[in-house]
Amino acid sequence: MRVLILPDPAAAAERAAGLIAERLRRQPRTVLGLATGGTMEALYARLIAHHRAGDVSFAAARSFNLDEYVGLSPDHPASYWRYMRAHLFDHVDFAPGATLLPHGDTGDARAEADRYEAEIVRAGDIGLQLLGLGANGHIGFNEPTSSLSSLTRVKTLTHSTREANARFFDDPADVPRHAITMGIGTILRAQEVLLLAHGTGKAVAAAQMIEGPLSAACPASALQLHRHATVVLDETAAAKLSLRDYYEAVHPSGCDAEI
Ligand code: GLP
């Protein structure tokens, strides 16, 4: 796992955006796996800035988002469809129809999850998968005790995850109890994985993910199995790492390693 520690959240978002832009320049037809959540807002703002500066184009790329709440239509203000349009899709040059998310409102969420997994397989799997980190160690909506080889399916959200996401809803009681999420196995099939996290609230989960045992108790620890996983943290999210000096020696200030 490549661990990059940046001084603050803005620098971490810029570093992660730079890695995505670099991949798209190298392989414009990349299938991106995209994430939602507060952490991604600054990263998407930086990607939009790179696009406006002419540094990056999404015209040949495609994307699959990680997850969507069961029961929410694409037009619901708190849906991830709406989030993605507001924070990225309406501001860059993806081709029409090239950006996909699960549909939360089909009435048969299990069938929709199976269809979405098949669609990812048909696309040849994800090239670069972007991830955030839940305070309880979840990735996508793979809550603790998720199978480490799970595929896209319906998951019941934990109380703490519903509380953490209540800020995006008018009433905390409106936060759905279920979501369709790519599985950990789906995520591990991606060619590259890039996780971005910042803030003290993520420090324990980040340490468990990077240095803890491989365990379904911390779904993000499954990234230890991935050959090309990069984790970008700010100082506060890195605060509980015990091998901090090592990461800093290999990647001073989050820079690429010199060999
Ligand atoms: C939600 C999303 C995750 C995201 C997490 C962290 O649960 N399903 O993909 O990583 O929130 O969100 P935030 O960045 O707001 O802390």
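A nonpolar core is a set of buried Ala, Val, Leu, Ile, Met, Phe, Trp, Tyr and Cys residues joined through side-chain atoms within 4.5 Å. The views below show parts of a predicted model.

**View 1. The largest nonpolar core and its best-connected residues.**
This core has 77 residues. Those with the most contacts inside the core are L43, Y44, L88 and M209. Helix α1, residues 9–26, gives the most to this core, with eight residues. In soluble globular proteins, nonpolar side chains tend to be buried together. Around L88, the contacts outside its neighbours within four places in sequence are L34, Y44, L47, I48 and F94.

**View 2. The buried residue F58 and what surrounds it.**
F58 belongs to the loop between α2 (38–52) and β3 (62–65). Is F58 buried or exposed? F58 has a relative accessible area of 1%, so F58 is buried. Leaving out residues up to four places away in sequence, F58 touches L24, L32, L47, H51, V92, D93 and F94. D93 is 35 residues from F58 along the chain, and the C-alpha atoms of the two are separated by 5.4 Å.

**View 3. The buried residues of helix α7.**
Helix α7 covers residues 203–211. Its buried residues are A203, A205, A206, A207, M209 and I210. Which elements do the buried residues of α7 pack against? They pack against the strands β1, β9 (192–197) and β10 (229–234), and against helix α8. M209 is also among the residues with the most contacts inside the largest nonpolar core.

**View 4. A salt bridge between distant parts of the chain, D256 with R2.**
The model has 14 salt bridges in total. In the one shown here, the side chains of D256 and R2 meet, with an N to O distance of 3.1 Å. R2 is in strand β1 (residues 2–6), whereas D256 is in the segment after α8 (244–250). The two residues are 254 residues apart in the chain. D256 has a relative accessibility of 43% and counts as partly exposed. R2 is partly exposed as well, with a relative accessible area of 25%. Side chains of opposite charge can pair when their charged atoms come close.

**View 5. A salt bridge within helix α1, E22 with R26.**
The side chains of E22 and R26 meet in a salt bridge, 3.9 Å from N to O. Where do these two residues sit relative to each other in helix α1? E22 and R26 are four residues apart, so about one helical turn separates them. E22 is partly exposed, at 36% relative accessibility. The view also takes in a network of salt bridges that links E22, R23, R26 and E192.

**View 6. A salt bridge within helix α8, E248 with R244.**
The closest N and O atoms of E248 and R244 are 3.3 Å apart, and the pair forms a salt bridge. Both residues lie in helix α8, four residues apart, which is about one turn of the helix. E248 counts as partly exposed, at 24% relative accessibility. R244 also counts as partly exposed, at 22%.

**View 7. The residues around the ligand.**
How many residues are around the ligand, and which come nearest? There are 14, and G38, T39, H138, R167 and K202 come nearest. A polar side-chain atom of D67 lies 2.9 Å from a nitrogen atom of the ligand. At L133, a polar backbone atom is 3.3 Å from an oxygen atom of the ligand. At N165, an N or O atom in the side chain is 3.3 Å from a ligand oxygen atom. Taken alone, the ligand exposes 390 Å², and the protein buries 93% of that.

**View 8. Positive phi at D125 and at S253.**
Most residues other than glycine have a negative phi. D125 is not a glycine, yet has a positive phi of about 70 degrees. D125 lies in the loop between α4 (109–122) and β6 (128–131). The relative accessible area of D125 is 18%, and buried means under 20%, so D125 is buried. Phi of S253 is near 50 degrees, also a positive value in a residue other than glycine. S253 lies in the segment after α8. At 46% relative accessibility, S253 counts as partly exposed.

How values were computed. Residues numbered from 1 in each chain as written. Predicted model: local features only at pLDDT ≥ 70, side-chain atom pairs only at ≥ 80, totals over all residues. Heavy atoms only, no water. Buried < 20%, exposed > 50% of the residue type's maximum accessible area, 1.4 Å probe, protein only. Contact = heavy atoms within 4.5 Å. Salt bridge = Lys/Arg side-chain N within 4 Å of Asp/Glu carboxyl O. Near = heavy atom within 4 Å. Polar contact = N/O pair within 3.5 Å; in protein donor to acceptor, adjacent residues only side chain to side chain. Areas by Shrake-Rupley, 256 points an atom, 1.4 Å probe, with all protein chains shown as cover.
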